[in-house]
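Here is a short briefing for a first look at this structure. Keep the sequence and the 3D view side by side as you read.

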Amino acid sequence: MLKFVILAAVCFILYKLVTNDKKKKVEVKNKQEEKLAKEGVLVKDPICGTYVSKDSDIRIKEGEEVRCFCSYECRDKYLKMID
């Protein structure tokens, strides 16, 4: 019985370590994207909120402002929204 309790505790600790590591990776990635967005390297897609390169191939120009999109689907949704 004691071996089972110890095994369960070890499994739980390993599980927590693995899931916590994934959360940290996601947090670090989000911080990096926000930093690049502040520096002007990345811009936020106005439809889905994904960060995309400022030099994205999928973009439209509205007056002086250029909008960048992560996909043609987001671009089409945006165009329908502004019409």
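A nonpolar patch lies on the surface of this predicted model. Its members are Met-1, Leu-2, Phe-4, Val-5, Ile-6, Val-10, Phe-12, Ile-13, Leu-14, Tyr-15 and Leu-17. Together they offer about 1200 Å² of accessible area.

**Inside the patch: Ile-6**
- Ile-6 sits in helix H1, which covers residues 2-39.
- The relative accessibility of Ile-6 is 47%, so this residue counts as partly exposed.

**Aromatic pair**
- The model has one aromatic pair.
- Phe-69 and Tyr-78 make up this pair, with ring centres 5.4 Å apart.
- Their planes stand at 50° to each other, and the pair is classed as tilted.
- Phe-69 and Tyr-78 are both buried.

**Cysteines**
- The number of disulfides is zero.
- For Cys-48, the closest cysteine sulfur belongs to Cys-70, at 3.5 Å. A disulfide needs sulfur atoms within 2.5 Å, so the sulfur of Cys-48 is too far away for a bond.
- Cys-74 also has its closest cysteine sulfur in Cys-70. That gap is 3.7 Å, so it is too far for a bond as well.
- Cys-48 is partly exposed, at 43% relative accessible area.
- Cys-74 is buried, because its relative accessibility is 7% and the cut-off for buried is under 20%.

**Salt bridges**
- The structure contains four salt bridges.
- One of them links Glu-62 to Arg-67, and the closest N and O atoms are 3.1 Å apart. Glu-62 is partly exposed at 27% relative accessibility, and Arg-67 is partly exposed at 26%.
- Another joins the side chains of Lys-77 and Glu-73, at 3.5 Å from N to O. Both residues belong to helix H2 (residues 72-82). They are four residues apart, about one turn of the helix.
- Within that bridge, Lys-77 is partly exposed, at 45% relative accessible area. Glu-73 has 54% relative accessibility, so it counts as exposed.
- Arg-75 and Asp-76 also meet through their side chains in a salt bridge, at 3.1 Å from N to O. Arg-75 is partly exposed at 23%, and Asp-76 is partly exposed at 35%.
- Glu-62, Glu-65 and Arg-67 form one network through salt bridges that share partners.

How values were computed:
Residues are numbered from 1 along each chain as its sequence is written. This is a predicted model: local features need pLDDT of at least 70, side-chain atom pairs count only at pLDDT 80 or more; totals for chains, interfaces and linings use all residues. Side-chain values use heavy atoms; hydrogens and water are left out. Patches are made of residues with over 30% relative accessible area and no salt bridge: like charges are joined within 9 Å, nonpolar side chains (Val, Leu, Ile, Met, Phe, Trp, Tyr) within 5 Å. Accessible areas come from the Shrake-Rupley method with a 1.4 Å probe; for residues, only the protein chains shown count as cover. Helices (H or I, at least four residues) and strands (E, at least two) are DSSP runs, numbered from the N terminus. Buried means under 20% relative accessible area, exposed over 50%, partly exposed in between (1.4 Å probe, protein chains only). Rings of Phe, Tyr and Trp (its six-membered ring) pair if their centres lie within 6.5 Å; planes under 30 degrees apart count as stacked, over 60 as edge-to-face and the rest as tilted.
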